[in-house]
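Welcome! Here is a short briefing to read alongside the sequence and the 3D view.

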Amino acid sequence: MKIGILGATGAVGREMMKILAERNFPADELRLLASPRSVGQKLEWQGRELEVQLACDEAFEGLDIVLGAAENDIAERFAPAIVKAGAVFVDNSSAFRLHPDVPLVVPEINPGDVKNHKGIIANPNCTTIISLVAVNALNADSPIETMIASSYQATSGAGAAGPVELMEQVDAIRQGKSVEPKVFQHQIAFNVIPQIGGEAFEGYTSEEMKLQNEGRRIMHLPDLRVSCTCVRVPVVRSHSVSILVRTKEKISVERARELIAKAPGCRLVDDLANKSYPMPLDTSDQDIVFVGRIREDLTADNGLNIWCCGDQVRKGAATNAVQIAELLIQ
């Protein structure tokens, strides 16, 4: 099996390399592809050095699967060449997520959808993946009708420069110096920023609309309605999400705990008396979504409040893509 990574030198691309090795993915060849400024870099993988090659139309010849870790414009630029070369493009950008001919897949939820691909499979948004893995067991028990969600998203969700800016601002403030935001639109140290993405619909940002629009496709719920607020918080890694889930039929708290405890990709961490609940520090650098703080909705019937955390670089991006690749070779 010959695998390529488009955007190999970025944070997600490097994580894909790490996860391919961790999961013993059967790659006879790993081809690292990036922009001209990265060509010639050498990255270590499984005890050997691999040289980064130029991403161009000819670079995909002979590959079976290409994992995309580049921005939308790069994904759109090279998708035709990847498909023409006979490879399957598992793309982490948002370029193809809502395209009707492109499956949008979370392996724990809709693995069968990979069979419908026409050369491209989309990897969902990181917050979408974490949230839906957390609630999917509830949806299987009784269809979800609406969700009200607030996300608390780590600085690394903005790329490798995000945590650097956070740490630099903390140091500057401790020394009494002023800070000048570059990665984020406002100071992120000792602050929260209630905007991720640009305005997309009726005051909601592009990031906030993804949970509804992508969730409908992944869970096969065309009428799902989601009201979401996405917030950047001064955390290095792992996104957290508070979700009010309203289902067609009532699900008790006890039943919800039972379902989530057995759900693939989930770990139930729900013991308020012993101060045990999901937190970013516990969920970073691994692939399980932790779920807890399960409570009945006090404002309406058939509702449950949950709190979940997951590593948005791994399960929210790189690991999910590698899992899709594993489905392709099964």
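Strand 15 and strand 16 make a hairpin, with six residues between the two strands. In its turn sits Asn302, whose phi is positive at about 60 degrees. Please keep in mind that this is a predicted model. The points below start from that hairpin, widen to the sheet around it, and then move on to other parts of the chain.

**The hairpin and its strands**

- Strand 15 (289–296) and strand 16 (303–310) run antiparallel and are joined by five bridges.
- To find the pairing by eye, look for Phe290, which stands opposite Cys309 in strand 16.
- How many residues of strand 16 are buried? Seven of its eight residues are, so this strand is mostly covered.
- Strand 16 also pairs with strand 13, in the antiparallel sense and over eight bridges.
- In that pairing, Arg246 has Gly303 of strand 16 as its bridge partner.

**The open sheet**

- The sheet is open and has six strands, in the order 12-9-13-16-15-14, with mixed pairing.
- Strand 12 (225–232) and strand 14 (266–268) are the edge strands; each has a single partner strand, so one side of each has no neighbour in the sheet.
- From one strand to the next, the twist averages 20 degrees.
- At the strand 12 end of the order, strand 9 (residues 144–153) and strand 12 run parallel, joined by eight bridges.
- A pair to look for here is Thr146, which stands opposite Arg225 in strand 12.

**Helices packed on the sheet**

- Helix 3 packs on the sheet and touches strand 9, strand 13 (239–247), strand 14, strand 15 and strand 16.
- The direction of helix 3 makes about 35 degrees with that of strand 13.
- Helix 6 (residues 253–262) packs on the sheet as well, touching strand 14, strand 15 and strand 16.
- Between the directions of helix 6 and strand 15 the angle is about 170 degrees.

**Where two helices cross**

- Two packed helices are described by the angle between their axes and the distance between the axes.
- For helix 3 (residues 126–141) and helix 8 (residues 314–329), the axes come within 8 Å and cross at roughly 90 degrees.
- That crossing makes helix 3 roughly perpendicular to helix 8.
- Which residues meet there? Cys126, Ile129 and Val133 of helix 3 meet Lys315, Gly316 and Asn320 of helix 8.
- Sorted by class, this contact has three nonpolar, two polar and one charged residues.

**Strand 6 and its neighbours**

- In strand 6 (residues 65–68), Ile65 and Leu67 point one way while Val66 and Gly68 point the other way.
- Are these four residues of strand 6 buried or exposed? All are buried.
- Strand 1 (residues 2–6) pairs with strand 6 in the parallel sense, over four bridges, and Leu6 has Gly68 as its bridge partner.
- Strand 7 (residues 88–91) also runs parallel to strand 6, and four bridges join them; here Ile65 stands opposite Val88.
- Together, strand 6, helix 2 (residues 72–84) and strand 7 make a right-handed β-α-β unit.

**A buried loop residue**

- Asn92 lies in the loop between strand 7 and strand 8 (120–122).
- Asn92 has a relative accessibility of 15%, and therefore counts as buried, as the limit for buried is under 20%.
- Leaving aside residues up to four places away in sequence, Asn92 touches Val12, Met16, Gly68, Arg97, Asn123 and Ala317.
- Gly68, one of these contacts, is also the strand 6 partner of Leu6.

**Loop residues with a positive phi**

- Most residues other than glycine have a negative phi.
- Gln46 has a positive phi, near 50 degrees, and is not a glycine.
- Gln46 is in the loop between strand 3 (42–45) and strand 4 (48–51), and with 45% relative accessibility it counts as partly exposed.
- Asp285, again not a glycine, has a positive phi of about 60 degrees.
- Where is Asp285? Its place is the loop between helix 7 (280–283) and strand 15.
- Asp285 is partly exposed, with a relative accessible area of 45%.

Note on methods. Residues numbered from 1 in each chain as written. Predicted model: local features only at pLDDT ≥ 70, side-chain atom pairs only at ≥ 80, totals over all residues. Heavy atoms only, no water. Axes fitted to C-alpha atoms, helices over the stretch in contact; angles between N-to-C directions. Parallel < 35°, antiparallel > 145°, perpendicular 65-115°, else oblique. Contact = heavy atoms within 4.5 Å. Nonpolar A, V, L, I, M, F, W, Y, C, P; charged D, E, K, R; others polar. Buried < 20%, exposed > 50% of the residue type's maximum accessible area, 1.4 Å probe, protein only. Pairing = 2+ DSSP bridges. Right-handed = clockwise from strand over helix to strand, strands pointing away.
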